[in-house]
Amino acid sequence: MTLLVSVFAALITTAIWYKRQPDNEMKLGVLCWLFWGASLMWLVDAIFEYAEAGAEYFAPALKDMANDLFLGLSVVALAMIIWLIVLLITDPKGVVKGKLLKKKQ
Amino acid sequence: MACFLVPMTEAIVMTVVQKVVEKKEKKAGVETVTSADGYRMEKLPFSKKIGWLNKLLWGGSALLAFEHLWHGEIVPFFPFLTAASEGPEAVSEMLGEMGTVGVSMAALITVVWLGMLLVTSLMQKKALKAIPAAE
């Protein structure tokens, strides 16, 4: 479930990133790299689990599925926090700088 | 247990490599490619391409570290790895997992990155051929 949430997050952010090109003001690439990196790593994890559990891997208990979904959503939230920090620190639109430094006439 | 440490280690090494390559590229200047009709274009620096690999590795490692924290496999205090406080058997299991799952994670990301290099290189060549026709 965590893998699925991460893959969907990667697909959605990549589609939005592509649509917004060449404008890079929102730094959406950061989110794409985060989600794709995690998705690939969880894919490997899933393959190993499948090799161990077989078809049972695709029929998890409801409790495990809920926990994995909760984890997946938390991962999305964490990734968005990382993205927001990067966005505010790099400040491509100069919004934060504009708030901190007022121009004098 | 701590499989994400393997891609994280690769990320640390490759970040250093990226910095070294970046320095070399700055000294050498901007590399250009020329199409059959003499059209010159700036080539995407290799350091930037290494940056793609680093972003995948760091991004994935960060989110997986959170997952390990979630499952109690790592803790925010010494010895950080739960297995390290559970005895030699747990440590051996952890190392085994790092050697199989962790190495496979790092390998898959690297293979995907190599694929990206191949595809972008082909796209670049195709774009260079298309320029004279478009003008």
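Me: First, a bit of vocabulary: axes are lines fitted to C-alpha atoms, for helices over the stretch in contact, and angles run from 0 to 180 degrees between N-to-C directions. This is a predicted model, and I'm looking at H3(A) and H2(B). At what angle do these two helices pack, and how far apart are their axes?

Reply: Helix H3 (residues 62–90) of chain A packs against H2(B) at an angle of about 135 degrees, and their axes are 10 Å apart.

Me: What makes H3(A) oblique to H2(B)?

Reply: Roughly antiparallel takes an angle over 145, and roughly perpendicular covers 65 to 115. The pair sits at about 135 degrees, so H3(A) counts as oblique to H2(B). As for handedness, H3(A) and H2(B) make a right-handed crossing.

Me: And why are H1(A) and H2(A) called roughly antiparallel?

Reply: Same cut-off: over 145 degrees. The axes of H1(A) and H2(A) cross at roughly 150 degrees and come within 8 Å, so the two helices are roughly antiparallel to each other. H1(A) passes H2(A) in a left-handed crossing.

Me: What sits in the loop between H1 and H2 of chain A?

Reply: A:Pro22 lies there, and the peptide bond leading into this proline from A:Gln21 is cis, with omega near 5 degrees. Chain B has a cis bond too, between B:Phe78 and B:Pro79, where omega is about 5 degrees. B:Pro79 is in the loop between H2 and H3 of chain B.

Me: What makes bonds like that worth pointing out?

Reply: Most peptide bonds are trans, and most residues other than glycine have a negative phi. On the phi side, look at A:Asp91: this residue is not glycine, yet its phi is positive, near 45 degrees. A:Asp91 lies in the loop between H3 and helix H4 (95–100) of chain A.

Me: Now the empty space. Which residues line the largest cavity?

Reply: The lining includes A:Trp17, A:Arg20, A:Gln21, A:Asp23 and A:Lys27. The space inside is about 30 Å³, and a search of the whole structure finds one cavity of 30 Å³ or more.

Me: What makes four residues of that lining charged?

Reply: Asp, Glu, Lys and Arg count as charged. A:Arg20, A:Asp23, A:Glu25 and A:Lys27 are in the lining, so they give the four charged residues, with three nonpolar and two polar ones beside them.

Me: Which elements feed the lining of the largest pocket?

Reply: The largest pocket has a volume of about 1300 Å³. Of its 35 lining residues, A:Trp17, A:Gly29, A:Trp33, B:Trp52 and B:Lys55 lie nearest its centre. Two or more residues come from each of helix H1 (2–20), helix H2 (28–53) and H3 of chain A, and from strand E2 (40–42), H2 and helix H3 (88–134) of chain B. H2(B) gives the largest share, nine residues.

Me: How do the linings of the two pockets divide by residue type?

Reply: The largest pocket's lining has 21 nonpolar, nine polar and five charged residues. The lining of the second largest pocket has 14 nonpolar, four polar and eleven charged. That second pocket holds about 970 Å³ of space, and A:Asp45, A:Glu49, A:Tyr57, A:Asp68 and B:Glu67 lie nearest its centre.

Me: Which element of chain B has the lowest mean pLDDT, and which the highest?

Reply: Strand E1 (residues 32–34) is lowest, at 73, and helix H2 (residues 46–70) is highest, at 95. Chain B as a whole averages 89, and 93% of its residues score at least 70.

Me: Why care about such scores?

Reply: Because where pLDDT is low, the predicted coordinates should not be read in detail.

Technical notes
Residues are numbered from 1 along each chain as its sequence is written. Chains are lettered from A and ligands numbered from 1 in the order in which they are written. This is a predicted model: local features need pLDDT of at least 70, side-chain atom pairs count only at pLDDT 80 or more; totals for chains, interfaces and linings use all residues. Side-chain values use heavy atoms; hydrogens and water are left out. pLDDT is the predictor's confidence in each residue, from 0 to 100. Helices (H or I, at least four residues) and strands (E, at least two) are DSSP runs, numbered from the N terminus. On a 1 Å grid over the protein atoms alone, a cavity is a set of points where a 1.4 Å probe fits but cannot get out, and a pocket is an open set with protein on both sides within 12 Å along at least five of seven lines; lining residues have an atom within 4 Å of a point. Grid points are joined across faces, edges and corners, and a volume is the space filled by probe spheres set on the points. Angles under 35 degrees count as roughly parallel, over 145 as roughly antiparallel, 65 to 115 as roughly perpendicular and the rest as oblique. A crossing is left-handed if the near helix is turned anticlockwise from the far one by less than a right angle, and right-handed if clockwise.
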